[in-house]
Amino acid sequence: MRRCLLVLLVASVSAFAITPSLSAKTFARPLRPRPAAPLHLRGGTTAVHASALTGAITGAYAIPAAAGISAVAGSLAYIRQAYIFSLSYGLSMLGIGGAVLLASPASPLLSYHAWLVTAYGARLFAFLFWRQRFQAGYDGEARLRALDKTPRLQRTPIILSTAFFYALMASPLLFHLKAAPLAGAAATVSACGCALAAVGLVYEAVADQQKSLFKIGLRAAGKPDELYTGGVYGASRHANYMGEIAFWVGSFVAGLPAVLAAGLPLHVRALRAVASGLGLAGIVFIMTSATKRLEGRQADKWGSTNAYQTYVQTSNSLLPKLL
């Protein structure tokens, strides 16, 4: 596994190392040098230039730089092991998207893509933090504490490997940064991807909030746990997972023109396709696997009831059933 990650890391660096030729202007233009964006800090007129960060995120080591951002966010796993897949996930996307925004995006479309990834991370972190710390009756700490099965120092490998995976998930945005501004058909495809990502972001946020408010109401009334079948869950039994898949498919499509940009050597296109494809395939696999596990649990718990059988017939597992 570690050898595979090392090969992918080297391949990802290679994919960034070659810049598209000037003849590729009809599909994707090469990145123009940009001044580093100043990062203003509280407490006076001091301005710190984020030149190191922007230089890394726009250069040949963009994926390793993104992995580094994710590794910093992943250090929360030393507190609670499960944070690597929850709070650290949100912070990673917030950090990577924010780094692209600091790099002064060359087009409104790239800014939109970066803002979507940033908003996705911020929304996810805020929701999970609220649920774990402030949601009435939700003993999140007890649940997370039960998952602390690995000694703290031994969590480093999973933090680093997960950080690299998060970088691969965000790689379409990084490739978009290299190719911006897009033009013509490339811009149209990228815009469609951003639109899908926006829909996925809102859909997942609504699904998370609807289900949480329903659970809060049950606990406040002292009622036993029930399966939530209202709102967006009326058509999709795992609407939050559907929203997450839609978001990352949209981000992948938004960066696809940069992956396949004219003027890039074939092997560079292949390496970029592998990097972004692995990120997308990985998150889709995780979401579909989680869906299957929850389907099994729900069937075991409520499968014998008429209400659940009717619910299964009138909804889909992921894709909303509209007819």
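Is F127 buried or exposed, and what is its relative accessible area? In this predicted model, F127 is buried, with a relative accessible area of 7%, where buried denotes under 20% relative accessible area, exposed over 50%, and partly exposed the range in between (1.4 Å probe, protein chains only).

Residues are numbered from 1 along each chain as its sequence is written. Because the model is predicted, local features need a pLDDT of at least 70 and side-chain atom pairs count only at pLDDT 80 or more, whereas totals for chains, interfaces and linings use all residues, and side-chain values use heavy atoms, with hydrogens and water left out.

The protein chain averages a pLDDT (the predictor's confidence in each residue, from 0 to 100) of 86, and 83% of the residues score at least 70. Over residues 1-47 the pLDDT is below 50, although this stretch has 91 contacts in the model beyond near neighbours in sequence, a contact being heavy atoms within 4.5 Å. Where pLDDT is low, the predicted coordinates should not be read in detail.

The protein chain contains 11 helices and two strands, assigned as DSSP runs (helices H or I, at least four residues; strands E, at least two) and numbered from the N terminus. Along the sequence these elements follow the pattern α-β-β-α-α-α-α-α-α-α-α-α-α. Of the 323 residues in the protein chain, 46% are buried, and among contacts between residues at least 6 apart in sequence, 79% join residues at least 24 apart. The accessible surface, obtained by the Shrake-Rupley method with a 1.4 Å probe (for residues, only the protein chains shown count as cover), comes to about 15500 Å², of which 67% belongs to carbon and sulfur atoms.

Seven salt bridges are present in the structure, each defined by a side-chain nitrogen of Lys or Arg within 4 Å of a carboxyl oxygen of Asp or Glu. In the pair formed by R80 and D148, the closest N and O atoms are 2.8 Å apart; R80 lies in the loop between α3 (62-74) and α4 (87-102) and D148 in the loop between α6 (140-145) and α7 (156-179), so the pair ties together parts that are 68 residues apart in sequence. R80 is buried at a relative accessible area of 14%, while D148, at 22%, counts as partly exposed. D148 also forms a salt bridge with R155, with the closest N and O atoms 3.8 Å apart, and R155 is buried, with a relative accessible area of 3%. R80, D148 and R155 are thus linked in a network of salt bridges.

The structure also holds 10 aromatic pairs, for which rings of Phe, Tyr and Trp (its six-membered ring) must have centres within 6.5 Å, planes under 30 degrees apart counting as stacked, over 60 as edge-to-face and the rest as tilted. The ring centres of Y120 and F247 are 4.3 Å apart and the planes lie at 20°, so this pair is stacked; Y120 lies in helix α5 (residues 108-133) and F247 in helix α9, so the pair ties together parts that are 127 residues apart in sequence. Y120 is buried at 1% relative accessible area, and F247 counts as buried at 0%. The rings of F127 and W130 have centres 5.9 Å apart and planes at 45°, so this pair is tilted. Both residues lie in helix α5, three residues apart, about one turn of the helix, and W130 counts as partly exposed at 25% relative accessibility. Ring pairs further link Y89, Y120, F165, Y166, F247 and W248 into a cluster.
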